[in-house]
Amino acid sequence: TVSGCIIGREVSIGKGAVVKNSIIFSGAKVEADAVLENVIVDKDARIKKIKKLKGSADEPLYVKEGDVV
């Protein structure tokens with residue numbers, strides 16, 4: 001489920017993932033069953049090991065370019 005997001009090109013969001021109020025830059029991958037809320041995922045980053053990431057509307061969580069989280 002994706003709601004209230006900006007999604008770049010060539011982004012992969014796995015089955016069962018929930019992404020809310022987030023910005024996902026080009027080439028990023030969100031693995032199956034991950035939960036992201038108020039997160040900025042930079043280019044070519046992967047959400048793989050940590051399945052739940054949550055920031056706030058005032059201070060979103062940031063995953064930098066190329067990181068595997």
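## Exercises on strands, patches and loops

Ile6 is exposed, with a relative accessible area of 57%. Keep in mind that this is a predicted model. Grab the structure and let's work through it.

**Exercise 1.** Work out which strand holds Ile6 and which residues form a nonpolar patch with Ile6 on the surface.

*Solution.*
- Step 1: Find Ile6 along the chain; Ile6 sits in strand E2, which covers residues 6-7.
- Step 2: Check the exposure. The cut-off for exposed is over 50% relative accessible area, so Ile6, at 57%, makes it.
- Step 3: Look for nonpolar company. Ile23 and Phe25 join Ile6 in the patch, and together they offer about 260 Å² of accessible area.

**Exercise 2.** Put the strands of the sheet that contains E2 in order, and say which strands stand at the edges.

*Solution.*
- Step 1: The sheet is open and has 4 strands, which run in the order E2-E5-E8-E11 with parallel pairing.
- Step 2: E2 and E11 (61-63) are the edge strands, as each one pairs on one side only.
- Step 3: Now zoom in on one pair: E5 (residues 23-24) runs parallel to E8, and 2 bridges join them. Ile24 has Val41 in E8 as its bridge partner.

**Exercise 3.** Do the same for the sheet that contains E1, and explain why one side of each edge strand has no neighbour in the sheet.

*Solution.*
- Step 1: Here too you get an open sheet of 4 strands with parallel pairing, this time ordered E1-E4-E7-E10.
- Step 2: E1 (2-3) and E10 are at the edges; each has a single partner strand, so one side of each is left without a neighbour in the sheet.
- Step 3: E10 pairs with E7 (residues 35-37) in the parallel sense, over 3 bridges. In that pairing, Glu37 has Lys54 of E10 as its bridge partner.

**Exercise 4.** Decide whether Asn38 and Lys48 are buried, partly exposed or exposed, and find the loop each one lies in.

*Solution.*
- Step 1: Asn38 is in the loop between E7 and E8 (39-41). Buried means under 20% relative accessible area, so Asn38, at 12%, is buried.
- Step 2: Check the backbone of Asn38 too: phi is positive, about 55 degrees, although this residue is not a glycine. Asp44 is another non-glycine with a positive phi, near 60 degrees, and Asp44 lies in the loop between E8 and E9.
- Step 3: Lys48 is in the loop between E9 (46-47) and E10 (52-54). At 41% relative accessibility, Lys48 is partly exposed.
- Step 4: Finally, look around Lys48 on the surface: Lys29, Arg46 and Lys49 gather with Lys48 in a patch of positive charge.

How values were computed: Residues are numbered from 1 along each chain as its sequence is written. This is a predicted model: local features need pLDDT of at least 70, side-chain atom pairs count only at pLDDT 80 or more; totals for chains, interfaces and linings use all residues. Side-chain values use heavy atoms; hydrogens and water are left out. Patches are made of residues with over 30% relative accessible area and no salt bridge: like charges are joined within 9 Å, nonpolar side chains (Val, Leu, Ile, Met, Phe, Trp, Tyr) within 5 Å. Accessible areas come from the Shrake-Rupley method with a 1.4 Å probe; for residues, only the protein chains shown count as cover. A salt bridge is a side-chain nitrogen of Lys or Arg within 4 Å of a carboxyl oxygen of Asp or Glu. Lys and Arg count as positive and Asp and Glu as negative; His and the chain ends are not counted. The place of a charge is taken as NZ of Lys, CZ of Arg, CG of Asp or CD of Glu. Buried means under 20% relative accessible area, exposed over 50%, partly exposed in between (1.4 Å probe, protein chains only). Two strands pair if DSSP finds at least two bridges between them.
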